[in-house]
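Work through these exercises with the structure open beside you. Try each task before reading its solution.

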Amino acid sequence: MTGAFPDVRPRRLRRGAPLRRLVARVRLHPADLIQPLFVKEGLTEPAPVPSLPGVVQHTRDSLRKAAAEAVAAGVGGLILFGVPAVKDARGSGADDPAGIVQLALADLVGEVGTDTVLISDLCLDEYTDHGHCGVLTAAGEVDNDATLRRYASVAAAQAGAGAHVVAPSGMMDGQVGAIRSALDGAGFGEVAILAYSAKYASGYYGPFRDAAECAPQFGDRASYQQDPARSAAEAVQEATLDVAEGADVVMVKPAGPYLDIVRAVADAVPVPVAAYQVSGEYAMVEAAAERGWIDRERIIVESLLGIRRAGASTILTYWATEVAAKLGR
Ligand code: PBG
């Protein structure tokens, strides 16, 4: 080329894999991935979840094996969801010391407790017969403050069973503060809180509700989860409140369709930001790949890179173990 300008050619840095690798600014590492796992009370065999090919509801035994496999692959942590055999209006199974999540947590502490981070999802929807994330008023609305008292008790039960981190996902106002005081009051000051801070009322949770058997039996979650039509400022408000109440890590969920939110939150808070690549994001890729319409592995890596590029330091994904194993440590 001629003229007054130097010959600027961005393609120079794209020439060959070694050069591209050298200048990469975003990398995937097994330690940044968290594997979600489901355990169901009373199962004798792992039960596949049809809308989440490759994901199962575990027995206590198969859970231990899956956890060991995930840890051997190098994942940074595990997040556990329990499905009780019996549900009731107040979600009694959630804080029962003999409830499925508490038993499974204790199993995992024995199996992998010194090698990985054990996180328990803290909510009521898997345990309530109505499927909502909190307890209801007589009029059938989710009662914020009565729910906080239940979350406080669940937090203490999960910490007592050995959770290193509890992850409140119910989007009640004040949940992080209530859980922090409950943990401190029960002698669990060292247990951290990974707050689902910016969690949207999303259609992308559909397959998860099959896996966790927690679809609301009436209405929806729009009165507590965020409206996708709101701006990122609301997410920043939620995350900032959670940090003030004691959140150690904040989360944005879903991930892929909400990368603007991941970026806004990552720019606003001093704590690490996690993003949850949710069940619908996973199911769509698996379904399209099954039809041969997309290159499954490329899309998985590209979707994860996008989430990291938006500013998430940690990603919860159903592909965690698989991706970690491929990346090596
Ligand atoms: C609630 C909870 C949900 C998910 C994680 N925690 C479901 C919901 O809010 O309806 C969804 C995760 C996913 O879709 O993968 N306990």
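**Exercise 1.** Find which residues come nearest to the ligand in this predicted model.

*Solution.* Start with the residues around the ligand: there are 19. Then pick out those that come nearest: Lys199, Arg209, Lys253, Ser279 and Tyr318. Now sort the shell by residue class. Nine of its residues are nonpolar, three are polar and seven are charged.

**Exercise 2.** Look for polar side-chain atoms close to N or O atoms of the ligand, using a cut-off of 3.5 Å.

*Solution.* Take Lys199 first. One of its polar side-chain atoms lies 2.7 Å from an oxygen atom of the ligand. Next comes Ser169, with a polar side-chain atom 3.2 Å from a ligand nitrogen. Finish with Lys253: here a polar side-chain atom is 3.3 Å from a nitrogen atom of the ligand.

**Exercise 3.** Decide how much of the ligand's accessible area the protein covers.

*Solution.* On its own, the ligand has 400 Å² of accessible area. The protein covers 100% of that area. Now consider the space itself: the ligand takes up the largest cavity. Two elements give two or more residues each to the surrounding shell: strand E7 (192-199) and helix H6 (206-211).

**Exercise 4.** Explain why the salt bridge between Asp107 and Arg64 ties together parts that are apart in sequence.

*Solution.* Count the salt bridges with a cut-off of 4 Å. The total is 16. In one of them, the side chains of Asp107 and Arg64 meet at 3.4 Å, N to O. Asp107 belongs to helix H3 (residues 100-112) and Arg64 to helix H2 (residues 60-73), so the pair links parts 43 residues apart in sequence.

Conventions: Residues are numbered from 1 along each chain as its sequence is written. This is a predicted model: local features need pLDDT of at least 70, side-chain atom pairs count only at pLDDT 80 or more; totals for chains, interfaces and linings use all residues. Side-chain values use heavy atoms; hydrogens and water are left out. A residue is near a molecule or strand if one of its heavy atoms lies within 4 Å of it. A polar contact is a pair of N or O atoms within 3.5 Å; within protein, one must be able to donate a hydrogen and the other to accept it, and residues adjacent in sequence count only if both atoms are side-chain atoms. Accessible areas come from the Shrake-Rupley method with a 1.4 Å probe; for residues, only the protein chains shown count as cover. On a 1 Å grid over the protein atoms alone, a cavity is a set of points where a 1.4 Å probe fits but cannot get out, and a pocket is an open set with protein on both sides within 12 Å along at least five of seven lines; lining residues have an atom within 4 Å of a point. A molecule sits in a cavity or pocket if more than half of its atoms lie within 2 Å of its grid points. Helices (H or I, at least four residues) and strands (E, at least two) are DSSP runs, numbered from the N terminus. Ala, Val, Leu, Ile, Met, Phe, Trp, Tyr, Cys and Pro count as nonpolar, Asp, Glu, Lys and Arg as charged, and the others, Gly among them, as polar.
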